[in-house]
Amino acid sequence: MPTLVCVPITVAEVHSALDAAHLAQAKGADLVEYRIDTFFSGSGDAEEQAGVLKLVRESPLPCVVTCRPTWEGGDYDGDDMERVSLFERLGTSDEPGERPRYLDVELAALTRSANLRQKVNLAVDHPKQVRDLSTSLILSSHDFEGRPPDLTRRLLAMADEDSCKVAKLAYRARSLRDNLDVFDLLRQARDLGKPAIALAMGEFGLMSRVLAPKFGAFLTFASLRDESATAPGQPTIDELLGRYRFSTIGASTRLYGVIGWPVAHSRGPEIHNAAFESAEWDGVYLPLPIAADAGDAEGSDASFKATLLALLHEPGLGFAGASVTLPHKERLVALAEAEGWTISAPAAVCGAANTIVVERDAQGEIERVSIDNTDAPAAGTVLGEALDGLRGRRIVIIGAGGVARGVAAACIAGGAQVSVHARRVEQAQRLADDLGPRDLSGWPGGALDGGTLEASSLDDLAEGTRECPDAYVNATPIGMSGGPDPEGVPLPTRVIEGSSEGCVFFDTVYTPRTTPMLAQAAQAGRHTRD
């Protein structure tokens with residue numbers, strides 16, 4: 001059975017909720033979930049019950065009715081028995097059209113009250129119900145703080161409940177690796193013969209939602225729009241069905257993505273998934289955030305290594321490669337050296353890589369892992385075209401991270417005179433020391449005349465103590481949407497305005513297309529490249 005797409009709808013008013021359900025149907029949803037937490041007070045108001053019955057009766061799609069209590073992350077703060085009495089009313093209605101397809105009830109509620117369990121069982125196993133018109137029980141468990149230590153125990157408890165037709169477990173992911181536990185839960189549920197929904201919530205959990213069909217999940221959730229999401233990390237239905245081509249994902253689908261921190265700004269998923277669709281390639285490309293702490297390099301290194309190796313070796317995941325961006329490009333080279341992977345000449349020269357490729361045999365076993373740096377040759381080509389060649393050109397690079405290494409190496413290989421400027425001059429000097437003695441003979445296009453490289457501080461650049469260069473290159477995240485300083489410019493205005501008329505301004509940030517630095521440079525009449 002294909003994995004269904006369910007759109008959750010927070011009910012504030014019946015007519016608007018039904019309008020939302022019709023829109024969900026038009027966008028391709030298979031069913032809707034009416035979240036009546038705030039609509040139903042449990043006060044015995046007849047109009048509230050009538051409203052819920054109307055929702056179910058006039059729903060354009062099969063529906064789930066959920067009244068989530070506050071103690072499990074919802075908004076209902078009334079009496080448990082009042083909401084279960086409503087469920088009983090729905091499940092035992094004389095009108096089959098007033099019976100929802102599913103009721104969602106928490107495992108914790110069901111197991112702590114025999115009376116409540118009896119009423120729930122009556123609602124989902126009533127003599128009036130017939131095949132295709134009956135109400136089934138989704139038994140659920142949620143943790144909005146993190147991964148519970150007893151996930152398997154909860155799944156087994158759900159499987160032991162005869163009334164449970166679908167088991168649902170959701171928890172907040174603290175890292176990408178928490179998604180792998182979700183996939184293991186789905187495998188366990190399959191072995192138990194129990195349809196299941198398993199989700200990791202939050203920005204680290206998108207993988208669990210998009211790859212649900214790959215592991216046989218019963219359904220996944222997608223909101224109508226960002227602001228109507230009922231759990232953190234829910235994609236919109238347009239993103240799920242459009243950008244990620246959810247309906248094409250199956251057990252054989254290969255996983256690709258962009259690894260970095262942050263990655264929400266990346267256009268990689270949009271670009272690569274469109275390319276996969278055009279090429280009819282069975283793959284999906286996702287944001288793959290791996291958190292990093294600038295103040296804890298050792299911990300960030302360990303997290304990157306553990307996460308990437310876990311993705312590589314997760315059974316059935318089919319991880320086939322990724323783009324790697326800030327701040328993990330140098331970490332990728334270090335890991336490749338430790339693991340004995342194939343390292344391209346640009347990656348070796350730069351000491352930074354932005355691409356990992358995983359080759360597997362027909363059984364999915366890893367045959368070869370290789371890394372490359374495509375940033376460097378591309379940056380050299382673009383700058384070379386803009387400057388009519390690199391040899392002898394004076395180029396200033398702002399930043400000293402993985403991106404700066406790539407640009408610097410390409411410029412040196414082309415014979416340029418390069419100066420690297422960073423807030424911490426020691427970081428710029430380390431880059432210069434690393435690249436200075438590198439052998440450029442393996443650079444794409446053959447051996448080139450090597451240029452020169454020196455390090456300096458940003459203060460030195462701001463004071464204007466250098467001659468006007470032929471190009472300025474921003475190799476920092478300053479100006480990047482979603483980055484630490486999206487409105488910032490890495491150069492003082494006086495430096496931009498004081499540059500020569502033929503000076504080229506090149507930004508490695510591509511979101512937005514016109515960064516604040518490029519906008520200032522264009523306003524000053526200078527040449528710009530991105």
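This passage describes two groups of parallel strands and the helices associated with them in a predicted model. Residues are numbered from 1 along each chain as its sequence is written, and side-chain values use heavy atoms, with hydrogens and water left out. As the model is predicted, local features need pLDDT of at least 70 and side-chain atom pairs count only at pLDDT 80 or more, whereas totals for chains, interfaces and linings use all residues.

Helices (H or I, at least four residues) and strands (E, at least two) are DSSP runs, numbered from the N terminus. Two strands are said to pair if DSSP finds at least two bridges between them. In general, strands of a sheet pair through backbone hydrogen bonds, either parallel or antiparallel.

Strand β6 comprises residues 164-172, of which seven of nine are buried (under 20% relative accessible area, with exposed meaning over 50% and partly exposed in between, for a 1.4 Å probe and protein chains only). Seven bridges link β6 in the parallel sense to strand β5 (residues 136-143), and Leu-139 lies opposite Ala-167 of β6. Between β5 and β6 the chain passes through helix α6 (residues 151-160), forming a right-handed β-α-β crossover; right-handed denotes that, with the strands pointing away from the viewer, the path from the first strand over the helix to the second runs clockwise. Strand β6 also runs parallel to strand β7 (residues 196-201), to which six bridges join it. Here Tyr-171 is placed opposite Ala-200 in β7. A right-handed β-α-β unit is made by β6, helix α7 (residues 177-192) and β7.

An open sheet of six strands, paired in parallel, follows the order β17-β16-β15-β18-β19-β20. Strands β17 (452-457) and β20 (527-529) stand at the edges with a single partner strand each, so one side of each lacks a neighbour in the sheet. On average, neighbouring strands of this sheet are turned by 20° against each other, direction ignored. Axes are lines fitted to C-alpha atoms, for helices over the stretch in contact, and angles run from 0 to 180 degrees between N-to-C directions. Within the sheet, four bridges connect β15 (residues 394-398) and β18 (residues 471-474) in the parallel sense, and Ile-398 has Asn-474 of β18 as its bridge partner. Helix α16 (residues 425-435) packs on the sheet and touches β16 (417-422) and β17, its direction making about 170° with that of β17; contact means heavy atoms within 4.5 Å.

Helix α15 (residues 402-413) is largely enclosed by the rest of the structure, because twelve of its twelve residues are buried.
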